[in-house]
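Got your viewer open? Let's take a walk through this one together, selecting a residue or two at each stop.

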Amino acid sequence: MKQTLSAQKLLNSWKKLTSGSINRQIFGAAVTVAMWTAVVKVASFGKEFIVAWRFGTGDDLDAFLIALLIPSFLISVVAGSFNAALIPTYIRVREKEGKEAAQRLFSGVMVWSLGLLAIATFLMVVTAPFYLPLIARGFSPEKLDLTYRLLWIIAPVLMLSGIQVIWGAVLNAGERFALAALTPIITPTCSAILLLTCRSWGIFALATGLVCGALLEMLLLGASLKRQGISLRPSWYGFDSHLRLVAGQYAPMIAGACLMSSTTLVDQSMAAMLSPGSVAALNYGNKVIAFPIGLMATGLGTAVIPYCSKMVACEDWAGVRYTLQRFLFLIFLVTVPLTGFLFLFSESIIQVLFQRGSFTNEATRLVAQIQAFYALQIPFYIAGILIVRLISSIQLNQILMWTAVFNLIINISLNYLFTKYMGVSGIALSTSIVICFSFCYSTYCLLKVKKITHKLI
């Protein structure tokens, strides 16, 4: 009885804390997303332990990561850009014109997105003989052939994950955050099961688990949208003013996302030109850093854009300014000490998490150095997510495009310089410097717009 009363008391306190003001609602949504994302990350870490035990930093894992590089790039560019372009307009249409108008917009965007995803998948597969040898210039012929075969298996992930990203964004626009945040647990679970039960498949078990997981995640999100009365059937109602607005925002977003995602492509490609195992070492070095970044960036980024879009639609500029100032303060308060901890204890963390089986002591030292340099980006990455979501809510995505242009130029230059003296660790340091620049430049642009429009002052 006492436990029930205590649980009820906690629930009431939580409701009180996360209801009322927009900032409290954002906080509640961000914590909800972060909590479920943490569960997903734990499952992903479990899969990574199995991958490290089975493959270490060997050639098979290098081939898998390079095969996954282009599909991941296209998912981020084609589908990810739709979110930032669609959601502010979708929420504005729903608030001002009703659910039927929002449904028409969503159906039209689905026609458009399916066409783009289908074309992108086809081109990705048929042009592989041209771009894979360039990306993986340091691979032997046997290793390159394995990369081709893995790409053919992974290819459907582009279409499945692209649809899943858009459906998850519409769920978030309806302030249904939990399911979209928890659904990604399916893929690492499928991969782990296949790695343990189908050991004779080798690295192909990892690729198959990726495809099966993406399919199941898409089906689950689709079922949830249907339960809310949202039709999943793509329908074309013409290129009306709302769709034109989405297209107008999509053009700079896809250009910016293409350039921004190119930094990962460049990093992996330059790592592939270094000593064998460098791609895998770079990947492992980002695993622990991706955990806090994933929790905070996913939670905050997912929660901010629907609420900021609502404030922008209602022209509540004072609320937007207060939200920006409040959350930037909290982000740096939390992330600076965390960054210091991860930098100082990097080798101990890697030793505890990964050093077993095929993962040697030499690999631990290399990965720890990479991780320490990657950690430096954390405060600027999280704060940058808030700035980027606000820019998207105001529908000034051309700022993001120019930020991405400068990021790519700086990234290539610093990668080339640092790898000459530091090897693969230099790529991690270059990444952190680029993220810092991105935050500073996008914030400067936002403040410049603020002075011009007088909307945020």
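In which helix does Leu-116 lie? Select Leu-116 and you'll land in helix α4, which covers residues 99-126. One thing to keep in mind as we go: this is a predicted model.

Is Leu-116 buried or partly exposed? Leu-116 has a relative accessible area of 28%, and because buried means under 20%, Leu-116 counts as partly exposed. Now add Met-159 to your selection. Met-159 is 43 residues away from Leu-116 along the chain, yet their C-alpha atoms are separated by 9.3 Å.

**The whole view**

Zoom out and switch to cartoon. You'll see 19 helices and zero strands in the protein chain. The chain has 457 residues, and 55% of them count as buried. Take the contacts between residues at least 6 apart in sequence: 83% of those join residues at least 24 apart. If you turn on the surface, you're looking at about 20200 Å² of accessible area, with 67% of that belonging to carbon and sulfur atoms.

**Into the core**

Next, select Leu-61, Phe-64, Ile-66, Tyr-90, Met-124, Trp-167 and Tyr-284. The largest nonpolar core has 128 residues, and these seven touch the most other members. Which helix gives this core its largest share? That's helix α3 (residues 59-97), with 19 residues. As a bit of background, nonpolar side chains tend to be buried together in soluble globular proteins.

Keep Met-124 selected and show what surrounds it. Leaving out neighbours within four places in sequence, Met-124 is in contact with Ile-70, Pro-71, Leu-74, Tyr-131, Leu-151, Ala-155 and Leu-158.

**Two salt bridges**

How many salt bridges does a search of the whole structure find? Two, and we'll visit both. Side chains of opposite charge can pair when their charged atoms come close.

Start with Asp-62 and Lys-143. Their salt bridge has its closest N and O atoms 3.0 Å apart. This pair links distant parts of the chain, since Asp-62 sits in helix α3 and Lys-143 in helix α6 (residues 141-154), 81 residues apart. Both Asp-62 and Lys-143 are buried.

Now stay on helix α6 and pick Asp-145 and Arg-149. Both lie in that helix, four residues apart, or about one turn. Their side chains meet in a salt bridge at 3.4 Å, N to O. What about exposure here? Asp-145 is partly exposed at 39% relative accessibility, and Arg-149 is partly exposed as well, at 42%.

**Thr-335 and Pro-379**

Jump to Thr-335, in helix α14 (residues 317-344). Is Thr-335 buried or exposed? With 0% relative accessibility, Thr-335 counts as buried. Show its side chain and look for the backbone oxygen of Ile-331, which the Thr-335 side chain reaches at 2.7 Å. Not counting residues up to four places away in sequence, Thr-335 touches Met-296, Ile-378, Pro-379 and Ile-382.

Follow that list to Pro-379, which is found in helix α17. Pro-379 is buried too, with a relative accessible area of 6%. Setting aside residues up to four places away in sequence, Pro-379 touches Ile-331, Phe-332, Thr-335, Val-336 and Thr-339. Try a distance check on that last one: the C-alpha atoms of Pro-379 and Thr-339 are separated by 7.5 Å, though the two residues are 40 apart along the chain.

**A polar contact at Ser-425**

Select Ser-425 in helix α19, which runs over residues 425-453. Ser-425 is buried, with a relative accessible area of 1%. Which side chain does the Ser-425 side chain make a polar contact with? The partner is Gln-369, at 2.9 Å. Leaving aside neighbours within four places in sequence, Ser-425 is in contact with Leu-366, Gln-369, Ile-370 and Phe-373.

**Last stop: a patch on the surface**

Turn the surface back on and colour Phe-341, Phe-343, Leu-344, Phe-345 and Leu-376. Together they make a nonpolar surface patch of about 490 Å². Click on Leu-376 to finish: this residue lies in the loop between α16 (361-375) and α17 (378-393). Leu-376 is partly exposed, with a relative accessible area of 33%. Why can Leu-376 count towards a patch? Because patches are made of residues with over 30% relative accessible area, and Leu-376 has 33%.

Technical notes
Residues are numbered from 1 along each chain as its sequence is written. This is a predicted model: local features need pLDDT of at least 70, side-chain atom pairs count only at pLDDT 80 or more; totals for chains, interfaces and linings use all residues. Side-chain values use heavy atoms; hydrogens and water are left out. Patches are made of residues with over 30% relative accessible area and no salt bridge: like charges are joined within 9 Å, nonpolar side chains (Val, Leu, Ile, Met, Phe, Trp, Tyr) within 5 Å. Accessible areas come from the Shrake-Rupley method with a 1.4 Å probe; for residues, only the protein chains shown count as cover. A salt bridge is a side-chain nitrogen of Lys or Arg within 4 Å of a carboxyl oxygen of Asp or Glu. Helices (H or I, at least four residues) and strands (E, at least two) are DSSP runs, numbered from the N terminus. Buried means under 20% relative accessible area, exposed over 50%, partly exposed in between (1.4 Å probe, protein chains only). A nonpolar core is a set of buried Ala, Val, Leu, Ile, Met, Phe, Trp, Tyr and Cys residues joined through side-chain atoms within 4.5 Å. Contact means heavy atoms within 4.5 Å. A polar contact is a pair of N or O atoms within 3.5 Å; within protein, one must be able to donate a hydrogen and the other to accept it, and residues adjacent in sequence count only if both atoms are side-chain atoms.
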